[in-house]
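Have a look at the chain shown here, and keep it open while you read. We will walk through it one region at a time.

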Amino acid sequence: MYNGMINIYKEAGYTSHDVVAKLRGILKQKKIGHTGTLDPAATGVLPVCLGSGTKLCDMLTEEVKEYRAVLRLGCETDTQDMTGTILAEKEAAVTEEQVKEAVMSFVGEYDQIPPMYSAIKVNGKKLYQLAREGKEIERRPRRVQIHGIDIESIVLPEVTLRVECSKGTYIRTLCYDIGRKLSCGGAMKELVRTRVGRFCMEDALRLPEVEKLRDTGKLAEKIISVDRMFTEYPKVTVEKQFQRLIENGNAFYRNMILEKEDVAPVRQVRVYDTEGRFYGIFEFRQEEDRFFPVKMFRENG
């Protein structure tokens, strides 16, 4: 079984779930998950968790994401992108300066109302399911952060943007909000996710490439091991006679490790046994002089 992370390029027309289903067939293993959905029409980076790496899924949703989007001004749709039904059209009678001012006004934190066509659940039902039934319900705004926007081009009525943002940000909704601010409406025409944390577009593998690497025995070279996702944390090795403690996910004392002098107060560390096997992330608590488990990643198979 493969364990770790792999950077997949999601093609247009596939859902994130489709990618996971195809990888399960290619890799012949069930334990696979993704770290955040991409709309079927969108393309780009989709980090996928394999084996013990599936425990990373919830942790990686916090990563900063970067997108390249094309905004079409003068148009609004029910899905907030150009795949939906057009609800209103209006001439985009705006200047480049007005566009720039409106776009840049969204940099920073703002309260974004999630679109009806989204996977957010309300009373146990996904919003897009309600939308398909012709229902629209009130949605609570969610605080998101736009870390930065670069305007790559303005060829009215289209504007090409590069957006760096926090988790939970809907780029479709950002396009809609920009259109509303300009009083002409807006919808997302294209979307490419170019980065999720350390995972970049240039390193992403298409599914046929994954199959080829599997057949040539080189796929393991493209899989990032779980512990490499935590290289910013110091490495701690538990002495052999105390290995049973970490095997069972128990706390252990500082005098049970080899690097006793290198442990600073209240810091998280990567924990290994003397044979170099990675067990998980532990936190050192100075007042107790012990390490306590935060997340276990012991690999089996």
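The report below goes from the cores to three helices and one residue in detail.

## The nonpolar cores

This is a predicted model. Its largest nonpolar core has 29 residues, and the members that touch the most others are Leu73, Val99, Val163, Ile171, Leu174, Ile178 and Leu182. Many parts of the chain come together here: strands E4 (65–73), E10 (142–155), E11 (158–165) and E12 (186–196), along with helices H3 (96–104) and H5 (171–181), each supply at least two residues of this core. In soluble globular proteins, nonpolar side chains tend to be buried together.

There is also a second, separate core of 17 residues, with Ile8, Leu27, Leu46 and Leu205 among them.

## Helix H5 and what follows

How many of the 11 residues of H5 are buried? The count is 9, so you can think of H5 as mostly covered. The buried residues are Ile171, Arg172, Thr173, Leu174, Cys175, Tyr176, Asp177, Ile178 and Gly179.

Now find Leu182, one of the residues that touch the most other members of the largest core. Leaving aside neighbours within four places in sequence, Leu182 is in contact with Leu73, Val94, Gln98, Val99 and Ala102. Of these partners, Leu73 and Val99 are also on the list of core members that touch the most others. Ser183, just after H5, takes a positive phi of about 60°.

## Helix H6 and its two sides

Which residues of helix H6 (residues 207–215) are buried? They are Leu207, Val210 and Leu213. Looking down the axis of H6, you would find its buried residues within an arc of 115°, so they line one face of the helix. An α-helix has 3.6 residues a turn, so residues three or four places apart point the same way.

The buried residues of H6 pack against strand E1 (4–10) and helix H1. On the other side of H6, you will find Pro208, Lys212 and Asp215 exposed. Just after the helix comes Gly217, which takes a positive phi of about 75°.

## A closer look at Arg24

Helix H1 (residues 16–27) is the place to look for Arg24. Is Arg24 buried, exposed or partly exposed? With a relative accessible area of 32%, Arg24 is partly exposed, because that value lies between the 20% and 50% cut-offs.

Setting aside neighbours within four places in sequence, Arg24 is in contact with Gln29, Lys30 and Ile32. Try finding Leu50 too: Arg24 and Leu50 are 26 residues apart along the chain, and their C-alpha atoms are separated by 9.5 Å.

Technical notes. Residues numbered from 1 in each chain as written. Predicted model: local features only at pLDDT ≥ 70, side-chain atom pairs only at ≥ 80, totals over all residues. Heavy atoms only, no water. Core = buried A, V, L, I, M, F, W, Y, C linked by side-chain atoms within 4.5 Å. Buried < 20%, exposed > 50% of the residue type's maximum accessible area, 1.4 Å probe, protein only. Helix = DSSP H or I, 4+ residues; strand = E, 2+ residues; numbered from the N terminus. Contact = heavy atoms within 4.5 Å. Arc of directions from axis to C-beta.
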